[in-house]
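Colleague: I am new to this model and would be grateful for a close look at one part, the largest pocket. Which residues line the largest pocket, and what volume does the largest pocket have?

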Amino acid sequence: MLSRVSKFRMLAGIVLLVVLVAAFGWRPIAENIAGIPLFWLIGALALIVAATLISACNRFLLINIDRQVTLQQFLPVYWVAWATGLLVPGQVGDVATLAALMRRRGMQVHQSLGRSLLDK
């Protein structure tokens, strides 16, 4: 069962998607995606997934020196921090979000901030 926070995140994502579609319309978005050759679309998707997983593993190894969380527990935290970093300018969003979310999992803020800054 999804927690309230998970439901809110899902709702927020759906609302953002609806706002984008309302602003640009379905047709231009669908035409742009349909115009991309399948080979390049799959290649781009594979590279994006690979790059983000490598980045997540890199950050996981730096942050989790004390082995306080598993990679499975860390990945959702990383994705939320990454998404926040897209909305907040600079590196402040992802580093601050990651520190706050890791604090909920028992890591002290100065540990996660210092280790995140090593990555930057």
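Modeller: The account below begins with the chain, turns to the pocket and ends with the aromatic rings.

This is a predicted model, in which local features need pLDDT of at least 70 and side-chain atom pairs pLDDT 80 or more, while totals for chains, interfaces and linings use all residues. Residues are numbered from 1 along each chain as its sequence is written, and side-chain values use heavy atoms, without hydrogens or water.

The chain has six helices and zero strands (DSSP runs numbered from the N terminus: H or I of at least four residues for a helix, E of at least two for a strand). Its pattern along the sequence is accordingly written α-α-α-α-α-α. Of its 120 residues, 21% are buried (under 20% relative accessible area, with exposed over 50% and partly exposed in between, for a 1.4 Å probe and protein chains only). Among contacts (heavy atoms within 4.5 Å) with a separation of 6 or more, 48% join residues 24 or more positions apart.

The largest pocket (an open set of points on a 1 Å grid over the protein atoms alone, where a 1.4 Å probe fits, with protein on both sides within 12 Å along at least five of seven lines) has a volume of about 190 Å³, the space filled by probe spheres set on the points, which are joined across faces, edges and corners. Its lining, meaning residues with an atom within 4 Å of a point, consists of R9, L16, V80, W82, A83, T84, L86 and L87. Helices α1 (4–24) and α4 (71–87) each supply at least two of these residues, and α4 gives the most, with six. By class, the lining holds six nonpolar residues, one polar and one charged (Ala, Val, Leu, Ile, Met, Phe, Trp, Tyr, Cys and Pro are nonpolar; Asp, Glu, Lys and Arg are charged; the others, Gly among them, are polar).

Helix α4 also takes part in one of the two aromatic pairs in the structure (Phe, Tyr or six-membered Trp rings with centres within 6.5 Å; planes under 30 degrees apart are stacked, over 60 edge-to-face, the rest tilted). F39 and W40 form an edge-to-face pair, at 5.2 Å centre to centre and 75 degrees between the planes. F39 is exposed at 63% relative accessible area, and W40 is exposed at 58%. The rings of F60 and F74 have centres 5.4 Å apart and planes at 55 degrees, so this pair is tilted. It links distant parts of the chain, 14 residues apart: F60 lies in α3 (residues 38–63) and F74 in α4. F60 is buried at 14% relative accessibility, and F74 is buried at 0%.
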